[in-house]
Amino acid sequence: MTQSLLSLNGISRTTLESLFSLARALKKSPQKPEFLGQTAALMFFEPSTRTRLSFESACYRAGLGPLVFQAGAGTSMEKGETPEDTLANVAAMRPSVLIVRGDDDLPMLQLAQDFKIPFINAGWGCQGHPTQALLDVLTLQERRKVDGLKVVFVGDLRHSRVAASHLQIWPLFRGEVRFCGPASLLPEKPEVACFDTIDEALKWADVVITLRYQFERYDADEPRSAADHALQTEVRAKFALTRAHLARLPETTLILHPGPVNHGVELDTEVYRDRRSLILDQVSHGVWLREALLRMMLKGELK
Ligand code: CP
């Protein structure tokens, strides 16, 4: 059966523990490049820094040759080629794995089924970002026992594929997830309890995951500047994690952000640099987690 990671639905705790255990081993010492002579196609139809480069790094460490496609200038999309055709053509080159980022219109599930090549969702519109959720839990495990943690997401929940993937994973750890953000940026029907202000959220949470406001995804019909200005004022007053919060934040509270960070909007630079912030640890763990995923997937070990 073709191994793929399109979402975290149905993944078992045993598989997660195997994945995390291999990632931790890779962190301690590099292992031999197992897949020399094979390629991995990194197909990015939306911008990326962390995910693309960490997958690329993971490929080199595992011995896979990365074929990196970033949509835009210099590709045949400039001549009108669609993402679906682009993917079909690269799939025809028979890479060992397709690692794909795209917007909500990309029919990722159908494409993964059609190509019969291992397929990894590297961020799909607002729907899911499974490797980000996995690396977040791996990062937290380095600091705390993760079972039963209380995790609050603060910011733009409506557009957060990271939060969507976390909702799929925390039940396996008996963790509780809650949301906190402007009413206009909560999901229409939130699956979890929501806080009205970050101050309430911080009193409850063991882990605070701050999120960027994804202005690029907002309705194109809205009068942008006025809407954005009002929203930014509300964000700073009620939902930003500021340096003023740091003094009253418990020592054990951990701060995450999937990146990219907009300093002075969803969080302050002092928070980014605080000892409780794991933001750059997340990035480091992204390489080991993704390398472990590639190694297990290509050996058919992802159950
Ligand atoms: N966290 C994350 O997906 O970052 P990039 O968009 O830079 O890949």
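This briefing covers the ligand site first, then selected residues and backbone features. The model is predicted. Its ligand sits in the largest pocket. The protein covers 93% of the 250 Å² of accessible area that the ligand has on its own.

**Ligand shell**

- Ten positions can be read off around the ligand in sequence order, beginning with Pro47, Ser48, Thr49, Arg50 and Thr51.
- Arg101, His129, Gln132, Pro258 and Gly259 also surround the ligand.
- By class, the shell holds 2 nonpolar, 6 polar and 2 charged residues.
- Pro47 and Pro258 are in the shell, and proline counts as nonpolar.
- Arg50 and Arg101 are in the shell too, and arginine counts as charged.

**Polar atoms close to the ligand**

- Thr49 uses its backbone: an N or O atom there lies 2.8 Å from a ligand oxygen.
- Arg50 uses its side chain, with an N or O atom 2.9 Å from an oxygen atom of the ligand.
- Gln132 also uses its side chain, where an N or O atom is 3.0 Å from a nitrogen atom of the ligand.
- Of the ligand's own 250 Å² of accessible area, 93% is covered by the protein.

**Thr51 and Arg101**

- Thr51 is part of the ligand's surroundings and belongs to helix α2, which spans residues 50-62.
- Its relative accessible area is 4%, so Thr51 is buried, the limit being under 20%.
- The Thr51 side chain makes a polar contact of 3.0 Å with the side chain of Arg101.
- Arg101 is itself one of the residues around the ligand.

**The loop between β9 and α10**

- This loop runs between strand β9 (254-256) and helix α10 (269-272), and Asn262 is in it.
- Pro260 is found in the loop between β9 and α10 as well.
- The peptide bond from Gly259 to Pro260 is cis, and its omega is near -5 degrees.
- Gly259 also appears in the ligand shell.
- Asn262 has a relative accessible area of 30% and is partly exposed.
- Asn262 and Leu211 are 51 residues apart along the chain, and their C-alpha atoms are separated by 9.2 Å.

**Ser277, ahead of α11**

- Ser277 occupies the loop between α10 and α11, the latter being residues 279-298.
- Ser277 counts as buried because its relative accessibility of 13% is under 20%.
- From Ser277, the side chain reaches the backbone nitrogen of Ile279 at 3.4 Å.

**Positive phi outside glycine**

- Lys116 is not a glycine, yet its phi is positive, at about 55 degrees.
- Lys116 sits in the loop between α4 (108-115) and β4 (119-124).
- At 60% relative accessibility, Lys116 is exposed, because the limit is over 50%.
- Arg174 likewise has a positive phi, near 50 degrees, in a residue other than glycine.
- The loop holding Arg174 lies between α6 (161-169) and β6 (176-180).
- Arg174 counts as exposed, at 61% relative accessibility.
- Between Arg174 and Gly37, 137 residues apart along the chain, the C-alpha separation is 42 Å.

**Two further loop residues**

- Ser160 lies in the loop that links β5 (150-154) to α6.
- With a relative accessible area of 5%, Ser160 is buried.
- Ser160 and Arg24 are 136 residues apart along the chain, with 27 Å between their C-alpha atoms.
- Gln38 is placed in the loop between α1 (13-28) and β1 (39-44).
- At 32% relative accessibility, Gln38 is partly exposed, because this value is neither under 20% nor over 50%.
- Gln38 and Gly65 are 27 residues apart in sequence, and C-alpha to C-alpha they are 6.1 Å apart in space.

How values were computed: Residues are numbered from 1 along each chain as its sequence is written. This is a predicted model: local features need pLDDT of at least 70, side-chain atom pairs count only at pLDDT 80 or more; totals for chains, interfaces and linings use all residues. Side-chain values use heavy atoms; hydrogens and water are left out. A residue is near a molecule or strand if one of its heavy atoms lies within 4 Å of it. A polar contact is a pair of N or O atoms within 3.5 Å; within protein, one must be able to donate a hydrogen and the other to accept it, and residues adjacent in sequence count only if both atoms are side-chain atoms. Accessible areas come from the Shrake-Rupley method with a 1.4 Å probe; for residues, only the protein chains shown count as cover. On a 1 Å grid over the protein atoms alone, a cavity is a set of points where a 1.4 Å probe fits but cannot get out, and a pocket is an open set with protein on both sides within 12 Å along at least five of seven lines; lining residues have an atom within 4 Å of a point. A molecule sits in a cavity or pocket if more than half of its atoms lie within 2 Å of its grid points. Helices (H or I, at least four residues) and strands (E, at least two) are DSSP runs, numbered from the N terminus. Buried means under 20% relative accessible area, exposed over 50%, partly exposed in between (1.4 Å probe, protein chains only).
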